[in-house]
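Trainee: I am new to this structure and should be grateful for a close look at a single part of it. Please then place that part in its wider setting.

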There are 2 protein chains.
Amino acid sequence: ADAAAMQAARARQAQLTKPAGALGDLEDLGVRLAGVFGSERPHPRGVAVLVAAGDHGVAADGVSAYPAEVTPAMVANFLADTPAGPGGAAVNALARTVGAQVYVMDAGVNADLPDHPALIRAARQRGTRNLRQEAAMTRDDAEALVLAGAALARRAAEEGADLLIPGEMGIGNTTPAAAMTARLLNLDAAQVTGRGTGVDDARLAHKVTVIREALARTDTTNPLDVLAEFGGFEMAAMLGMMLQAAALRRAVVLDGFVEGSAALVGVALAPALRDFLFPAGECAERGHAAQLSHLGLKPMFRLGLRLGEGTGGVLAAPILLSAAAALREMQTFEEAGIPG
Amino acid sequence: ADAAAMQAARARQAQLTKPAGALGDLEDLGVRLAGVFGSERPHPRGVAVLVAAGDHGVAADGVSAYPAEVTPAMVANFLADTPAGPGGAAVNALARTVGAQVYVMDAGVNADLPDHPALIRAARQRGTRNLRQEAAMTRDDAEALVLAGAALARRAAEEGADLLIPGEMGIGNTTPAAAMTARLLNLDAAQVTGRGTGVDDARLAHKVTVIREALARTDTTNPLDVLAEFGGFEMAAMLGMMLQAAALRRAVVLDGFVEGSAALVGVALAPALRDFLFPAGECAERGHAAQLSHLGLKPMFRLGLRLGEGTGGVLAAPILLSAAAALREMQTFEEAGIPG
């Protein structure tokens with residue numbers, strides 16, 4: 001991030017027509033956005049949510065409350081024609097409300113997805129292998145998906161996005177996310193494993209066991225190996241989106257726990273990525289707080305979301321745009337002729 | 001609120017393409033909006049922030065970190081021509097970002113405000129009297145300002161607002177807000193008195209003493225008398241806005257502590273008002289949490305705002321619009337052909 005722009009933004013913040021600090025966390029967010037966009041008066045405009053979908057071999061172990069068939073069905077839902085416009089999922093409804101563009105990528109869904117002009121096809125496999133038993137994907141496939149995610153982020157930026165929101169869909173994907181988080185943060189599986197879409201106590205205990213078995217297979221801590229061993233194709237794609245967005249000096253709005261697992265790989269590879277990440281809400285999934293604590297970043301709200309799809313990121317976008325607008329558009333005490 | 005619409009909304013919520021409860025607090029917000037707008041698929045559109053400004057006799061006692069001259073200067077700032085558009089204050093910048101209309105009312109500023117086509121003149125007095133020594137205003141003036149606030153809310157609704165955000169500006173106004181809150185919630189002044197724009201420990205202790213003296217003058221608990229004895233003209237106007245908005249079946253986004261003091265009068269007069277109130281963030285001002293607890297309502301975020309002006313309400317508006325959009329626009333599992 002641009003340290004000079006941040007310093008100038010901080011100085012400007014102190015001159016704006018408000019008591020010092022009265023805009024609370026918006027003030028820090030504004031300064032961080034100044035760093036991302038290289039201006040003391042940052043002006044992010046377009047918002048895009050990039051939803052990557054993938055399936056997970058480990059779903060066969062019964063780690064989710066939903067069958068894997070829901071993944072392709074939800075991809076169809078993201079693309080459906082509805083009376084309200086394209087897409088009938090939560091992320092579509094929220095994106096329409098805030099004026100965000102939605103991109104949908106097949107990162108590795110286990111189905112023969114019907115053709116759709118808006119579907120971005122990047123799948124190399126139909127779902128990962130079962131991470132409990134073997135590496136979820138090859139390094140080669142992982143890297144291909146990282147590049148596909150990066151390409152989509154470039155496209156979104158070219159089409160006007162200044163705030164990029166990686167989002168995901170994949171039945172079972174809180175299991176790989178928890179495995180990645182446990183390994184990258186050196187925590188026990190139980191500390192970072194939650195109920196996902198809503199499993200009961202027995203299935204939660206089973207999920208922890210599955211993750212422990214996976215972690216016992218290999219002791220690698222190499223970030224890309226952790227992704228390939230324990231991750232998912234949608235995490236690989238989101239990692240590419242994040243790294244590319246940062247390279248293009250765009251802000252990344254970080255949604256939930258699965259997105260967070262990709263971000264952990266990202267900051268392990270490139271610590272400077274952190275400066276471009278803006279966590280949306282604290283999601284209800286156990287382990288998300290540990291991710292945010294490791295990143296040293298504070299979420300904007302706690303609405304108890306645990307849906308994924310990038311929904312929390314979409315809700316956060318107007319807050320970030322507002323933080324930038326306050327810093328950019330407010331008058332100073334001097335301009336307004338106010339006794340400061 | 002419309003109980004049948006809420007029940008239908010709850011049933012619909014359970015059929016939408018997401019795990020039950022996965023949208024967290026958005027789900028309850030959607031159901032409450034269904035109650036306000038009388039439809040299981042609520043469709044609020046326009047957003048308006050109605051900023052009432054007033055001065056306070058008690059400011060002469062040194063309860064604020066800022067001189068009273070800041071009130072008229074900030075009214076001018078709300079109306080200023082700036083390169084970004086009309087208004088150079090935080091609320092203007094945030095309102096532009098989310099597409100909210102800003103209305104500015106002189107509810108009782110202690111200055112000869114210059115003419116401006118957008119300034120709504122409703123002042124009967126140039127500031128209240130000192131509430132420490134005597135009633136801040138007459139019942140007559142209080143009621144006149146309630147009606148003026150109601151008239152502005154009607155106008156905003158006629159001009160398209162479905163979400164109304166009462167906002168305020170008035171140097172010293174956390175002192176009357178704390179006095180009103182203490183009396184209406186039967187709490188000691190120290191429990192509800194905070195630092196406002198940022199007073200130090202000594203001035204905070206002084207502020208508590210001033211409020212205790214005021215409370216000792218009269219033991220009235222009649223809501224409108226509490227407003228007249230301890231309140232401010234901007235609180236009276238905001239009370240009128242809230243009651244009128246509810247009567248017109250519009251949602252009221254409740255910003256901070258000063259707005260909350262008006263809401264306490266409102267629910268004391270008309271308990272059903274509660275169903276139309278949507279607290280934005282938990283503001284940093286001590287006493288706000290007690291107000292929300294009394295209202296039995298949960299705020300949407302905690303960003304540490306303590307500015308007023310309706311800024312928190314503006315930030316909350318996209319969250320409410322999103323909650324309604326999810327309920328209204330998402331497909332059901334059946335519509336999407338997804339195994340639920």
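Mentor: What follows describes one glutamate and then the contact between the two chains. The model is predicted.

The residue chosen is E309(B), which sits in the loop that runs between α12 (288–295) and α13 (311–329) of chain B. E309(B) is buried but takes part in no salt bridge. The nearest side chain of opposite charge belongs to K18(A), at a distance of 9.9 Å. A polar atom of the E309(B) side chain does lie 3.1 Å from the backbone nitrogen of V91(B). Beyond four places in sequence, the residues in contact with E309(B) include V49(B), V51(B), M74(B), F78(B), A89(B) and A90(B), as well as the acidic residues E168(B), D255(B) and E259(B).

As for the wider setting, 52 residues of chain B and 52 residues of chain A make up the contact between the chains. Together the two chains bury about 4,200 Å², of which 66% is on carbon and sulfur atoms. On the chain B side, P19(B), L303(B) and E329(B) lose the most area to chain A, jointly 13% of what that side buries.

Two salt bridges link chain B and chain A. One of them pairs R96(B) with E329(A), whose closest N and O atoms are 2.7 Å apart. There are also 14 residue pairs in polar contact between the chains. The helix α13(B) gives the largest share of the side of chain B that touches chain A, namely eight residues. That side comprises 33 nonpolar, 12 polar and seven charged residues.

How values were computed. Residues are numbered from 1 along each chain as its sequence is written. Chains are lettered from A and ligands numbered from 1 in the order in which they are written. This is a predicted model: local features need pLDDT of at least 70, side-chain atom pairs count only at pLDDT 80 or more; totals for chains, interfaces and linings use all residues. Side-chain values use heavy atoms; hydrogens and water are left out. Helices (H or I, at least four residues) and strands (E, at least two) are DSSP runs, numbered from the N terminus. Buried means under 20% relative accessible area, exposed over 50%, partly exposed in between (1.4 Å probe, protein chains only). A salt bridge is a side-chain nitrogen of Lys or Arg within 4 Å of a carboxyl oxygen of Asp or Glu. A polar contact is a pair of N or O atoms within 3.5 Å; within protein, one must be able to donate a hydrogen and the other to accept it, and residues adjacent in sequence count only if both atoms are side-chain atoms. Contact means heavy atoms within 4.5 Å. Buried area is the accessible area (1.4 Å probe) that two parts lose on being put together, summed over both. Ala, Val, Leu, Ile, Met, Phe, Trp, Tyr, Cys and Pro count as nonpolar, Asp, Glu, Lys and Arg as charged, and the others, Gly among them, as polar.
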